[in-house]
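Here are my notes on the model you sent, set out as numbered points. Please read them with the sequence and the structure open beside you.

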Amino acid sequence: MSSTLRFAIGSVVVAALVLALKLGAWALTGSVALLADALESVVNVAAAAAALIAVHYAAMPADANHPYGHTKAEYFSAVLEGALIVIAAVAILNEAWGAWRSPVGPEQPWPGLAISALATAINAGWASLLFRQGRRSRSPALLADARHLVADVVTSLGVLVGVTLVALTGRLWLDPLLAALTALNILWSGSRLVRESVGGLMDEAVEPGLLARIRGAVSTHAEGAIEAHDLRTRHAGRLTFIEFHLVVPGTMTVDAAHAICDRIEAALKAEIEGATITIHVEPEGKAKHHGVLVL
């Protein structure tokens, strides 16, 4: 079992534990803000389960029907998580509106707040671990889960402060107001998550910093070639696809041109984990700008 899959399984367990704690906090207090916090955790459980399925599927090797592998499956998980967040936000706004019209003071606020604080601490610790593993394995599903948990932690902290103020001041309107702000916050995080995931599904090019590293590696290790052009890149989960045309002298042997390609590929794979490289070799008559190595 890969470490990414173990973390995906761990996310389901942690999400279920946090949901149970937050539901307990809501049951003790009756606070609509704590209910909103618990509803977001329902999304966490569903999203963690979707991420587990996606990570398992993405780890499958390439086959005849999927020659480029299954890594894009993780983006579908992230899109689903964003959609679930939107649904949760609508449900929370509905609860907040009802509580605004008929506000009720929280019961047993201090035990409920203590339980909610414990759940928030668990989420914060797990989000930190997910970020570390997600970046290490370049897993969109784990990173999406981590970002959602961070948004959840921020929301929970705001709710804890707000419900504490309600208990201390007796201003009941603060409770539904906090629930509505919680909904708006997770709605923003959900839209951002969907936008990033759709970018992956649409084969967006790599970010400028990584593109510069690719150009640098090709420039440094393409000695003997005349030019490289038509560089194209895209991400697919943990994989980075790189392709370009390499112009060599017309008199160069196939062996010599192949040796240059091998040297470039080795440099790119050493620089970028999960790089998959395609190089199209062309004769010098295909050069576009002599003296310019990478276009």
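1. In this predicted model, Glu-271 and Arg-213 form a salt bridge, with 2.8 Å between the closest N and O atoms. Glu-271 lies in helix H8 and Arg-213 in helix H7 (residues 208-221), so the pair ties together parts that are 58 residues apart in sequence. Neither end of the bridge is buried: Glu-271 is partly exposed, with a relative accessible area of 36%, and Arg-213 is likewise partly exposed, at 38% relative accessibility.

2. How many salt bridges does a search of the whole structure find? The search finds 2, and one of them joins the side chains of Glu-243 and Arg-232, at 2.6 Å from N to O. This pair links distant parts of the chain, with Glu-243 in strand S2 (residues 239-248) and Arg-232 in strand S1 (residues 227-236), 11 residues apart. Glu-243 counts as partly exposed because its relative accessibility is 31%, whereas Arg-232, at 55%, counts as exposed. As a general matter, side chains of opposite charge can pair when their charged atoms come close.

3. Strand S1 also holds Asp-230, a residue whose backbone deserves a look. Although Asp-230 is not a glycine, its phi is positive, at about 55°. Most residues other than glycine have a negative phi. The relative accessibility of Asp-230 is 34%, so this residue counts as partly exposed.

4. In strand S2, the residue to inspect is Leu-239. Is Leu-239 buried or exposed? Its relative accessibility is 18%, which is under the 20% limit, so Leu-239 counts as buried. When neighbours within four places in sequence are left aside, Leu-239 is in contact with Tyr-68, Thr-71, Arg-138, Arg-234 and Gly-274. By contrast, the C-alpha atoms of Leu-239 and Ile-264 are 17 Å apart in space, for a separation of 25 residues in sequence.

5. Arg-138, one of the contacts of Leu-239, follows helix H4 and has a positive phi, near 55°. Helix H4 itself covers residues 109-137, which is 29 residues, and reaches 41 Å from its first C-alpha to its last, close to the 42 Å expected at 1.5 Å a residue.

6. Within helix H4 sits Asn-123, a polar side chain worth checking by eye. Asn-123 counts as buried because its relative accessibility is 1%. Not counting residues up to four places away in sequence, Asn-123 touches Val-14, Val-18, Lys-22, Asn-44, Leu-149, Asp-152 and Val-153.

7. Towards the start of the chain, Arg-6 is found in helix H1 (residues 3-29). Arg-6 counts as partly exposed, at 45% relative accessibility. Arg-6 and Leu-52 are 46 residues apart in sequence, yet their C-alpha atoms are 8.9 Å apart in space.

8. On the surface, a nonpolar patch of about 950 Å² is made by Val-86, Val-90, Leu-93, Trp-97, Trp-100, Trp-173, Leu-177, Leu-181, Leu-184 and Leu-187. Which helix gives the most to this patch? Helix H3 does, with 5 residues, and both helix H3 (73-101) and helix H6 (174-201) supply at least two residues each. Trp-100, one of the residues of the patch, is found in helix H3 and is partly exposed, with a relative accessible area of 45%.

9. Helix H6 also contains Asn-185, which is partly exposed, with a relative accessible area of 25%. Leaving aside neighbours within four places in sequence, Asn-185 is in contact with Ala-151 and Thr-155. Asn-185 and Ala-151 are 34 residues apart in sequence, and the distance between their C-alpha atoms is 7.6 Å.

10. A closing point concerns confidence. The protein averages a pLDDT of 82, and 92% of the residues score at least 70. Confidence is lowest in helix H6, at a mean of 73, and highest in helix H8 (residues 254-271), at 93. Where pLDDT is low, the predicted coordinates should not be read in detail.

Terms used. Residues numbered from 1 in each chain as written. Predicted model: local features only at pLDDT ≥ 70, side-chain atom pairs only at ≥ 80, totals over all residues. Heavy atoms only, no water. Helix = DSSP H or I, 4+ residues; strand = E, 2+ residues; numbered from the N terminus. Expected span 1.5 Å × (residues − 1). Buried < 20%, exposed > 50% of the residue type's maximum accessible area, 1.4 Å probe, protein only. Contact = heavy atoms within 4.5 Å. Patch = residues over 30% accessible without salt bridge, like charges linked within 9 Å, V, L, I, M, F, W, Y side chains within 5 Å. Areas by Shrake-Rupley, 256 points an atom, 1.4 Å probe, with all protein chains shown as cover. Salt bridge = Lys/Arg side-chain N within 4 Å of Asp/Glu carboxyl O. pLDDT = per-residue confidence, 0-100.
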